[in-house]
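I opened my notebook on this one to follow a single helix and its surroundings. Here is what I looked up, entry by entry.

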Amino acid sequence: MGRTLDVLTMENVKVDQVVLPEAVFSVPSQDHLVHQAVRVQRNARRQGTASTKTRSEVSGGGRKPWRQKGTGRARAGTIRSPLWRHGGTVFGPKPRSYALALPRAVRRQAMRAALSAKAEAGLIRVLDTLSLERPSTKAFRALLKTLAVPGRALVILPQEDEVVMKSARNLPGVKVLPARGLNVYDILEAEVLLLTREALALVGEAWQ
């Protein structure tokens with residue numbers, strides 16, 4: 001039997017209970033898999049746009065600076081040699097992708113482990129529904145206060161809701177995601193996961 005959580009209204013009144021799927025919310029800790037998943041996510045966010053010029057890309061240097069022999073100076077073929085000031089760079093960075101591949105089974109297990117850790121710590125809250133008539137940061141802040149949700153919260157909805165997203169976007173530490181966009185990194189960053197009953201069902205189905 002999985003863990004049981006209270007289902008609350010937006011006024012923090014208990015109206016029902018829901019059982020968390022064991023396959024998703026009762027998985028043993030697997031820190032190494034969670035670490036891999038976070039590393040993959042963070043690498044994917046890197047721009048990889050750093051670029052330096054090699055000797056063939058630096059402008060100038062079209063002729064030999066001086067003749068080969070008889071000057072008393074070392075031989076030189078171009079002023080853009082890496083040995084010279086303003087010359088090319090040797091083995092410098094070039095645009096690249098930092099993306100890493102992660103097996104699907106590993107990604108799924110990492111997600112389950114992250115969700116299970118939050119469930120075990122009692123950091124998951126379930127709402128019956130979550131809706132606002134119009135975008136209002138003040139109203140959303142009051143909602144979080146009513147539900148006793150701390151500063152860093154991850155709000156998970158069944159689908160994108162522009163009104164809720166606009167209401168939360170100016171609150172530091174608060175992030176709103178649709179259930180299909182749930183990821184390990186954001187789960188770990190949040191102190192509390194706030195899900196609607198429908199979103200919880202979608203998460204349970206997606207990661208079983």
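I began with burial in α3 of this predicted model. The buried residues there are Val106, Arg108, Gln109, Ala110, Met111, Arg112, Ala113, Ala114, Leu115, Ser116, Lys118 and Ala119. With 12 of its 17 residues buried, α3 is largely enclosed by the rest of the structure.

Next I asked what covers the buried residues of α3. I found that the cover includes α1 (22-25), α2 (31-45), β3 (124-127), α6 (184-189), β6 (192-196) and α7.

I then checked the length of α3. At 1.5 Å a residue it should span 24 Å, and its end C-alpha atoms are 24 Å apart, so the two agree. After α3 comes Gly122, and I noted its positive phi, near 70 degrees.

I turned to the pairing with α7. The axes of α3 (residues 104-120) and α7 (residues 197-207) come within 10 Å and cross at roughly 140 degrees. That crossing makes α3 oblique to α7. On the α3 side I listed Arg107, Arg108, Met111, Arg112 and Leu115, which meet Val203, Ala206 and Trp207 of α7. Five residues of this contact are nonpolar, three are charged and none is polar.

Last, I looked at the cores. The largest nonpolar core has 36 residues, and Phe25, Leu115 and Val203 touch the most other members. Seven residues come from α3, which gives the most to this core. Leaving aside residues up to four places away in sequence, I saw Phe25 touch Arg3, Leu20, Leu115, Ser116, Ala119, Ile124, Leu200 and Val203. Another core, of 18 residues, lies apart from the largest one and includes Leu130, Phe140, Val164 and Val192.

How values were computed. Residues numbered from 1 in each chain as written. Predicted model: local features only at pLDDT ≥ 70, side-chain atom pairs only at ≥ 80, totals over all residues. Heavy atoms only, no water. Axes fitted to C-alpha atoms, helices over the stretch in contact; angles between N-to-C directions. Helix = DSSP H or I, 4+ residues; strand = E, 2+ residues; numbered from the N terminus. Parallel < 35°, antiparallel > 145°, perpendicular 65-115°, else oblique. Contact = heavy atoms within 4.5 Å. Nonpolar A, V, L, I, M, F, W, Y, C, P; charged D, E, K, R; others polar. Expected span 1.5 Å × (residues − 1). Buried < 20%, exposed > 50% of the residue type's maximum accessible area, 1.4 Å probe, protein only. Core = buried A, V, L, I, M, F, W, Y, C linked by side-chain atoms within 4.5 Å.
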